[in-house]
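Me: I am new to reading protein models and would like a close look at one part of this one. Please take me through it slowly and explain the terms as you go.

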Amino acid sequence: MKESAEVTILPYSWFTVCRGFFERYPNPYASHVLSEDTVHREIKDGKFLSKRIFRKTATTSLPDWFRKIVKEPQVLILEDAIIDLCAKRLMSLTRNIDHKKLVVASETTEYIPSHYDPNKTMMTRRTTIRSPLNGLTGRMIERVCHVGAIRNAKKALQEFLYILAQVNGGSARAHNIAIG
């Protein structure tokens, strides 16, 4: 199993981040997202619950041996998100719902207001990659998928900053952000 975590300070308020979270797609930097479908939304116990499915295509070149295993380089992603307005916390859990015989990838992301500046939001992302295959093949799949997940997380951050700039009424521009 491969795991990673990072903390990023976004230069936008928590409310802006919550709004932008549901407006991430489409955007010019996310051509790999082929479709987005909302499966369920409700307000329960003062929390907003959302369930969406995304169809995405591979954004990185895969090794030849991996392409032989995965004929279709597309994946269905299930996203569960909860916004708790009282606690000022947005939690999302994304995970693949196909190709599970090869790899199970999940990402948990939490967004809370920065303790130091209410105009900024702290984003904590945790990624887990696990292959149910044993031996060298399973370890190689985990490694390839983990490297891809880290690369894709950096790209997704730039995509999200673009959307946040749009939601905030500004133009997309480079930001000084803290990534830990």
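Me: Which residues form one aromatic cluster with F21?

Reply: The cluster is made of F21, F22, F48, Y111 and F160. Before we look closer, a word on where the values come from. This is a predicted model, where local features need pLDDT of at least 70, side-chain atom pairs count only at pLDDT 80 or more, and totals for chains, interfaces and linings use all residues. Residues are numbered from 1 along each chain as its sequence is written, and side-chain values use heavy atoms, with hydrogens and water left out.

Let's start with the setting. The chain has three helices and eight strands, and from the N terminus on they follow the order β-α-β-β-α-β-β-β-β-α-β. Helices (H or I, at least four residues) and strands (E, at least two) are DSSP runs, numbered from the N terminus. Of the 180 residues in the chain, 38% are buried. Buried means under 20% relative accessible area, exposed means over 50%, and partly exposed is in between, with a 1.4 Å probe and protein chains only.

Now to the rings. The structure holds six aromatic pairs. Rings of Phe, Tyr and Trp (its six-membered ring) pair if their centres lie within 6.5 Å; planes under 30 degrees apart count as stacked, over 60 as edge-to-face and the rest as tilted. One of these pairs joins F21 and F22, edge-to-face, at 5.0 Å centre to centre and with 80° between the planes. F21 is buried, at a relative accessible area of 1%, and F22 counts as buried too, at 18%. F21 also pairs with Y111: the ring centres are 5.8 Å apart and the planes meet at 65°, so this pair is edge-to-face. Because F21 lies in helix α1 and Y111 in strand β6, the pair ties together parts that are 90 residues apart in sequence. Y111 is buried, with a relative accessible area of 6%.

What else surrounds F21? Leaving aside residues up to four places away in sequence, F21 touches R52, E79, A81, L90, S92, Y111 and F160. Contact here means heavy atoms within 4.5 Å. There is a charged neighbour as well: R24 lies over the face of F21, at 4.2 Å from the ring centre. A charge sits over a ring if NZ of Lys or CZ of Arg is within 6 Å of the ring centre and within 35 degrees of the ring normal. Elsewhere, the charged end of K56 sits over the ring of F54, 5.7 Å from its centre.

Several of these names return in the largest nonpolar core. Among its 17 residues, L10, V17, F21, L90, Y111, F160 and L164 touch the most other members. Helix α1 (14-21), strand β4 (74-84) and helix α3 (135-167) each supply at least two residues of this core, and α3 gives the most, with five. A second, separate core has six residues, including L102, I129, C145 and A149. A nonpolar core is a set of buried Ala, Val, Leu, Ile, Met, Phe, Trp, Tyr and Cys residues joined through side-chain atoms within 4.5 Å. In soluble globular proteins, nonpolar side chains tend to be buried together.

Two contacts of F21, L90 and S92, lead us to strand β5 (residues 89-96). Its side chains alternate: L90, S92, T94 and N96 point to one face and are buried, while R89, M91, L93 and R95 point to the other and are not. On one side, β5 joins β4 in the antiparallel sense through eight bridges, and D84 stands opposite R89. Two strands pair if DSSP finds at least two bridges between them. β4 and β5 form a hairpin with four residues between them, and K88 in the turn has a positive phi of about 50°. Strand β5 also runs antiparallel to β6, with six bridges; there, the bridge partner of M91 is E110.

From β6 (residues 104-113) we can step on to β7, since ten bridges join these antiparallel strands. S106 has T128 in β7 as its bridge partner. Strand β7 (residues 121-130) is mostly covered, with seven of its ten residues buried. β7 pairs with β1 (residues 2-10) as well, in the antiparallel sense over nine bridges, and T8 finds its bridge partner in M123.
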